[in-house]
Structures are given as structure tokens and as C-alpha cells.
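Student: Could you take me through the cysteines of this protein, and then show me the setting they sit in?

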Amino acid sequence: MITVAALYHFTKFPDPAALQAPLADLARAQGVKGSLLLAREGINGTIAGSRAGIDAMLSHIRALPGCADLEWKESGAPKMPFGKMKVRLKREIVTMGIADVDPRARVGHYVEPAAWNDLIASPDTVVIDTRNDYEVEIGTFEGAIDPQTKSFREFPDWWRENAPRFHNKRVAMFCTGGIRCEKATNFLISEGVTDVYHLKGGILKYLEEMPAEGSLWNGDCFVFDNRVSLRHGLEVGDYESCHACRRPVSAQDKQHPDFEQGVSCPRCIGEFSDADRARFREREHQMRLAAKRGEAHLGRD
């Protein structure tokens, strides 16, 4: 069983570039794969590997400036869910595009999974899913509002357009692991909202701790690795990934005339050119040849 660790931490890195190579070198030495983002505001990502390899990476990250109290969420995978390791430099570890948002200064009230059901079932609470539309489509909490955003950058404009709808309401927000809510709650506070809450540890922590019976979660939770989706108990779901657009694909989607393995799905059929699709077909062809030879191919990572 492969150990998968999802992590993020907001802290001040004066020189994130100086942290990049040591992290990549350690991951390579430990056989750890996945993706880590570094920015002046902190670190974010998901990594997978052996128990010893993940422990070595987490120990290294906790020793970085301001990361001693790093928290992470673990799950398992029957096989490696990543093709390679990437350590990238970014302007933000989760892109919101608002310069003065700083979760280190102030965030909303954390709500433990055990208390989440009571909060969101209250009639004076509005529940907002801060994830992208394709994530919400395969699973969300009962009664949650879907902003129908294609990226987190769209969330501030959506909020400003819809804020009057939520006057005098408690606002409860959630996301996959918690990082988007850290920024979203800080943003709402800066917009004058005082009664703001978010699910501690995100959906992943809720699905880990909350039994399916009595749960207010419906469907699967999209994750950004080759497992594609997780269910209660963090069991791997049945979705696959469209290798053109990376959105989740169900068994029903695969029966759609717009689905072509490795080339398109019903959601992205109009997003790529004929030249793009020809390139995707060749990539899929090469991957199948590699699989027949028993070789790894990184084209889907």
C-alpha cells in the first residue's frame, strides 16, 4: 500500500527558490512522487510513496521556516498515483488573485467534522462549496451552494455579486483539504462578513472520520491524482480521469459519443482543436505501446 499525504501550510518563505532543489532531491532519493508548490506564502501539495519515504519528506518540510506545526492528511492507494515528482515555484500556493489576502492574519472559525452536520443543517447557515464546477459535479454536501466557478480566481467576483443573498446569515465553507477555505474565509472577513466558518481538514477529513450512515455528504470527492475520487473511509471511487482535460469521467460518460480514450470527454470536446486531439491520440498510442512492453510512460502525469 502506498501512503498518500496531502498537505499545505501558510508561512513566510523569503526565498522559496532556495527550498526547491533540496525537496526535489530528497523526494528522488526516497522514491516519493507527486506535486509540491512553493511560494512566498507557504507550501501546498500531495505526495505519495513508502511509509519511510513520506516520513522523511514530512520531517524535512516540518523543519522549513514556520512549518513546525504542519498538519497533513493521509490516505492509501493500491499503487503509485503519480508518474513523477514536481516541485514548482508559484506566486500563490492556491491561486485566488487577490493581493492582500493573508490567512496568516485571520481566518474563519474552524469546525471539526463531528460538529459540521449540526452547523450546516441550521436554517440560519448558508453553505458554500468553494471548489471548481467539475469537482462539485461528482459530490458535495446536502444543500450546499455551487458557485459554478471554473477556477478559484472566480470566487471573489462571484461572492461580491451574490453577497446580498447571504445578509444576516452564518457562512460555512468547505473544500477538498482546507486550503481554499483558508483564503476564502480571510477574503470574506476583509469584505465585512463576521460570522464565517470552515470545515477543518476539508472534505477529506470529514470522509475519513464521519461514517456513511448519518453523513450529509453525497457522491465522491475529486482528488488531484490518479485515484481521481475518494469516498467515505477514503476508499477509491469508480471515476477515471479524462487525459485531455483532467476532469473526472464516469462509466456513463465513457458511453457518450464525445468520449474517446485519452483524447476527449463530453465536457472538453469543444475545448481543443483537431491538432490537439491528433496529438492526444498519438500520446495515447505511445502509452499503449509502452504498456505492452511493460514500461512506464509519463504522458498522463
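Tutor: Let's look at the cysteines first and then at the whole protein. Please keep in mind that this is a predicted model, where local features need pLDDT of at least 70, side-chain atom pairs count only at pLDDT 80 or more, and totals for chains, interfaces and linings use all residues. Residues are numbered from 1 along each chain as its sequence is written, and side-chain values use heavy atoms, with hydrogens and water left out.

A disulfide is a covalent bond between the sulfur atoms of two cysteines. Here the term is used for a pair of cysteine sulfur atoms within 2.5 Å, and the structure holds 0 of them. Take Cys-67: its nearest cysteine sulfur belongs to Cys-175 and lies 18 Å away. Cys-67 is also buried, as its relative accessibility is 0%; buried means under 20% relative accessible area, with a 1.4 Å probe and protein chains only. For Cys-245, the closest cysteine sulfur is in Cys-242, at 3.6 Å, which is too far for a bond. Cys-245 has a relative accessible area of 17%, so this residue counts as buried too.

Now for the setting. Of the 301 residues in the protein, 51% are buried. The C-alpha trace spans about 60 × 50 × 40 Å along its principal axes. Contacts (heavy atoms within 4.5 Å) can also be sorted by separation along the chain: among those between residues at least 6 apart in sequence, 67% join residues at least 24 apart.

Key
Buried < 20%, exposed > 50% of the residue type's maximum accessible area, 1.4 Å probe, protein only.
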